[in-house]
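Me: I am new to this structure and would like to talk it through. Could we begin with the overall build and then go into detail?

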Amino acid sequence: MITRRTVLRGMMGGSAFALGLPLLEPMLNTSGTALAQGAGLAKRYGLFFWGGGLPWSSRHKQAAQSGNPDPKDIPEPDLWTPTTTGKGFQLTEYMQPLARHKGNFSVVTGLEPHTMIPTTPVGQGDGHMRGVCVTLTGDKIKTEGFDHDPHILAVNRPTLDQFVAKHPEFYTDGAPFFKSLELGVSKAVLHDYGTWLAVSHNGPDSLNIPVRDPQAFFDHVFAVKPDLAEATRRTSVLDVVLEDIRQLQPKLGARDKQRLEEHLTHVSEIERRLKLAQAACTNPAAPVGAFDGEKQNMAKLDMLGDILVAALRCDMTRVFSIALTTSASVMPMNAAGEVDGPGAIQMHDALHAGNREVVLQCTKFHMMAFANFLDKLTAEVDVNGQTLLDSSCILGTSEYGEGYTHSNKETPVVIAGKAGGALDPDWHVRDEGGNYSRAHLTVLRALGINEPSFGFNGGETSDVLPFLKA
Amino acid sequence: MRRYAFLACAALLSTACNGSVTDGGPVAGGPTGPGGGGASNTGGGSSVEVSNAPLDPSPAVLARLTAPQYQNVVRDLFGVDFPKPALEIDTRPYNFSVIGASSSSVSERGVDLYGNSAHAIAAKVFVDQALRATLVPCQVAGDVDAACLTQFVKDFGLRAFRRPLQDAEVQRYTALGVGVGATDPWLGPRYIAAAMLQSPNFLYRVEVGEPAAERAGWFRYTAYEMASRLSFLLRNSAPDLALLQAAASGALSTPEGVLAEAQRLLADSAPTRAMIDQLFREYLDVPLLDDVKFPVEMDPTGTIAVSMGQEVTSLVSRIALEEQGDMRTLFTTRGTVVDASLATLYGFPAPAAGTFSPVELSADGQRAGLLTTGAMLTIHNRPNRTSPTIRGMFIRQRLLCGTVPPPPDNIPPLNEMDMGAPTTVREKIQQHALDPACSGCHRIMDPLGLGMEEFDQYGRYRAMYDNGLPIDNSGDLDGIPFNGARALGDLLSKDERVSACLVKQMYRYASSRLDGAGEEGMLSRLNAAYADSGHKFQPLLLALVQSEGFRYFKSEAP
């Protein structure tokens, strides 16, 4: 048997070069369930994010509680929350697009942020803003520098995908080509700055802006590697750049020193990648066609998804995030379910205007897109007969629960995949008012990251969800 | 995308709306609280209050080049108009991409893209024999010539890093060139250039400064740093050789020297025009026009968004540059330029296709000034109707530099769906005014936008709504009633807050950061100088670059 770390090594220009290999049969143990050295099969983590929450409604409760319900306040049914809990729940109307994946995912309802809300600066309780920070990082908004008026905010710490990608208990068999890949679909962002632009952050004001163009994504992942001579020259160039950064840092203040430290880390990563030869793997076809505007979002997701799955298959990364739409998305949708179709209204507007028809179509679109993406993971079969989804943990979520009211209650959580056997799928868990970070902690443990707790600044929990196998 | 104002109405009482309408600072004119105070300053000229508060400078920042700056810089470095490089997008907090560039960290992919761009540019330049000869004037012979490489490193490095290189840097880059040039001597300068284009000394505008003997505790930007500050402000690009020489000679160490170089740069009209376009496009959110879907009958060629943007920048540059006139007339001028699609919108005969021609709006017409341009009327709306709230918010935040406090949490929706009788926009949002939980904040915004209802969400004039109901375009600017967007523009032209706001925004743009608390006094003095000049743009710029805030900084608090 050959070990997972088996590589072809060579020396060139004084640097060692390594050739990563995809998973081959001789690497497995005799029962094909684990790597020969006793390590489990590689687990993957993916975030699938959509903006604007769900049309789950709290209004019917408000109308019931107030003494004089507004006659225009028509009670609206909750079409998301399954009526039964436990294993083998019944799909609800909004989950219908996921029907073909039944048995492969669990749903958690009732979760909400538990993080503290500082009183100054004002506005840190805003649903989109507090919600997106908790969903993505388990922490409150970064208080210093927060400015509600122009909607300027930063996360307080790295998002979960980066936490996973950089955790010592994750890439235990050596660093891959890319620690993570960030892709996105809709370009209809609310603001052209800050957390409205990206769902993956390395820290405050450190965005991993998703690649939204299939051609650019293909180039990023499967760029033709330079030959050895060129790679050597580029490595020498980067060595000089690294030295320039180191010489400059001591002259700067703390914040700018930190920004340059991040720049330095990135240069080092790129240099490391230069030294990895091309993975011996079948590349996908380069994408063709333009994907302008919002009308072709589903087709764009399809193309991006193919490239991503090829990267996963070739083990070029094990962490990714997909920003289908970002928080408070202004993706245009009409009542017939046509993205940017005639009479389309921006999703964010539709939420606030109480335009349930359009919001329903947005929800359908989100769920269909999620199902289409999961199709690609189930179509990809490992050497041992398991699908890519079986070895993955995919967190499908949004920045809050009910769009109408900016309510952070009932934030949707869909956890798909079996994480290599760590997750028992097909549960509905209901935890009304529960701490959202139970989802984070469950994801981490399923990936083999044994943090005792997760969540910060009031959001701490050590409570996992019941479908995590011990 | 269109800016979106969160609609703020709640059954719960809001405690949020006690904030003042203006955002601090000793600004004259206008009321100082929501709904309170008297009329704004109706006179022209300098009846501006000036603060004596001395300057307490803010720390320096480290701004990365924005994508347009990067493109301009490489064009000027090599004398080649390269195709637009694929770089990570800029972020634009507080209106300006330079503020995003000084506050955000670049991502790994962003660094990767810089690398791809650097190698692509260097490859293209150094295979061009004529071009490379201009960059490397000494003989690059069969054997790699270290002396020649050293000269290239110093000469090119001065321009790439916007300062002379230190000895250790010269050695580092020369050694790189010697190493890679072993097989082909021209690879040496090519990879030196590629490395420099990835260096933080190129990608960031480094401002380390030197202690200022004349001001204890302060730092002075060095001469080379001043050259960059001037050039990036006035040209959105790196210093040219003349400016670098002025730095070397010590000319930039005095305000007079700074003034002289600024005047030289501003005399060059093409880059100055480009700078004004860039600045005001960001200040006025012109890029948001790209996301608007105009009705086909109004925009058959799909180009009116571009035309609208060009009209706005032409308007600004005409007053700021060509006429060197009073910037307040931006809100009242009846002169504008139209192409075929704008001519139809404003009711003029169309000029030849693809051209703009100047027109004069009628003296008793609905339109005059910036607020009545198609661009400004269109950008801040909903797709399906006008939004007095968003229009009002733009004017309040962007033109008056006012603040709008956040809405309460858990707001119920504004029920927009017509239940029975048709409603006007005013009626739809009247809950903002009637509900005390809403009105505290909404009266900061809505009465401004409500006075502009005679223009629809695409900037077209209308006498009534589509449902036949009449338009009521009565509005209110902090206690002063008005009817119509043109009248509001007239009020804004006399409102000192607008000028003070422009000064503040210019200062932020010039500094690549927000203004600090210790700069308020200086800003009010700049505002006074601006008023004294007759509210002219170039004198404002010149006063700004000579100001102490532009030439000094303090180190960060420990």
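The conversation below goes through the chains, their contacts and some local features of this predicted model.

Me: To start, how many helices and strands does chain A have?

Reply: In this predicted model, chain A has 10 helices and 15 strands.

Me: And what share of chain A is buried?

Reply: Chain A holds 470 residues, and buried residues make up 62% of them. Among contacts in chain A with a separation of 6 or more, 70% are between residues 24 or more positions apart.

Me: Which domains is chain A divided into?

Reply: Domain 1 covers 1–41 + 214–290, and domain 2 covers 45–206 + 294–446. Each of the two gives 31 residues to the contact between them.

Me: How much area do domain 1 and domain 2 of chain A bury between them?

Reply: About 2500 Å² is buried between these two domains, with 65% of it on carbon and sulfur atoms.

Me: How many salt bridges are there between domain 1 and domain 2 of chain A?

Reply: There is one salt bridge between them. Glu269(A) and Lys179(A) form a salt bridge in which the closest N and O atoms are 3.2 Å apart. For polar contact, the count between the two domains is five residue pairs, both members being at pLDDT 80 or more.

Me: Which elements of domain 1 of chain A give two or more residues to the side that touches domain 2?

Reply: They are α4 (214–222), α6 (254–274) and β9 (276–277) of chain A. By class, the residues on that side of domain 1 are 17 nonpolar, five polar and nine charged.

Me: Let us change topic to the two chains. How many residues of chain A are in contact with chain B?

Reply: The contact involves 69 residues of chain A and 65 residues of chain B. The area buried between the chains is about 6200 Å², and carbon and sulfur atoms give 59% of that.

Me: Why is lost area quoted for an interface?

Reply: The size of an interface is often given as the accessible area lost when the parts come together.

Me: How many salt bridges are counted between chain A and chain B?

Reply: Five salt bridges are counted between the two chains. One salt bridge is that of Arg92(B) with Asp192(A), where the closest N and O atoms lie 2.9 Å apart. The chains also have 21 residue pairs in polar contact, both at pLDDT 80 or more.

Me: Which element gives the most to the side of chain A that touches chain B?

Reply: The elements giving two or more residues to that side include α2 (127–137), α5 (228–248) and α8 (347–353) of chain A. Of these, α5(A) gives the most, with 13 residues. The whole side of chain A that touches chain B has 26 nonpolar, 22 polar and 21 charged residues.

Me: And how many salt bridges does the structure hold over all chains?

Reply: The structure holds 56 salt bridges over all chains. One of them joins the side chains of Glu380(A) and Arg313(A), at 2.6 Å from N to O. This pair links distant parts of the chain, 67 residues apart: Glu380(A) is in the loop between α9 (356–379) and β13 (392–397), while Arg313(A) is in helix α7 (residues 297–313).

Me: Are Glu380(A) and Arg313(A) buried or exposed?

Reply: Glu380(A) counts as buried because its relative accessibility is 17%, under the 20% cut-off. Arg313(A), at 35% relative accessibility, counts as partly exposed.

Me: Which residues of chain B are joined into one network by salt bridges?

Reply: Consider first a single pair: the side chains of Asp456(B) and Arg460(B) meet in a salt bridge at 2.9 Å, N to O. Asp456(B) is buried, with a relative accessible area of 8%, and Arg460(B) is partly exposed at 26%. As for the network, salt bridges that share partners join Arg235(B), Asp240(B), Glu261(B), Arg264(B) and Asp268(B).

Me: One last topic, the backbone. Where is there a cis peptide bond?

Reply: A cis peptide bond joins Thr120(A) and Pro121(A), with omega about -10°. Pro121(A) lies in the loop between β5 (105–109) and α2 of chain A.

Me: Which residues have a positive phi although they are not glycine?

Reply: Ala328(A) is one of them, with a phi of about 55°. Ala328(A) sits in the loop between β10 (319–323) and β11 (332–333) of chain A, and it is buried, with a relative accessible area of 1%. Asp340(A) also has a positive phi, near 60°. Asp340(A) is found in the loop between β11 and β12 (345–346) of chain A, and it is buried at 11%.

Me: Why point these out?

Reply: Most residues other than glycine have a negative phi, and most peptide bonds are trans.

Technical notes: Residues are numbered from 1 along each chain as its sequence is written. Chains are lettered from A and ligands numbered from 1 in the order in which they are written. Side-chain values use heavy atoms; hydrogens and water are left out. Domain bounds come from an automatic or database domain assignment. Contact means heavy atoms within 4.5 Å. Buried area is the accessible area (1.4 Å probe) that two parts lose on being put together, summed over both. A salt bridge is a side-chain nitrogen of Lys or Arg within 4 Å of a carboxyl oxygen of Asp or Glu. A polar contact is a pair of N or O atoms within 3.5 Å; within protein, one must be able to donate a hydrogen and the other to accept it, and residues adjacent in sequence count only if both atoms are side-chain atoms. Helices (H or I, at least four residues) and strands (E, at least two) are DSSP runs, numbered from the N terminus. Ala, Val, Leu, Ile, Met, Phe, Trp, Tyr, Cys and Pro count as nonpolar, Asp, Glu, Lys and Arg as charged, and the others, Gly among them, as polar. Buried means under 20% relative accessible area, exposed over 50%, partly exposed in between (1.4 Å probe, protein chains only).
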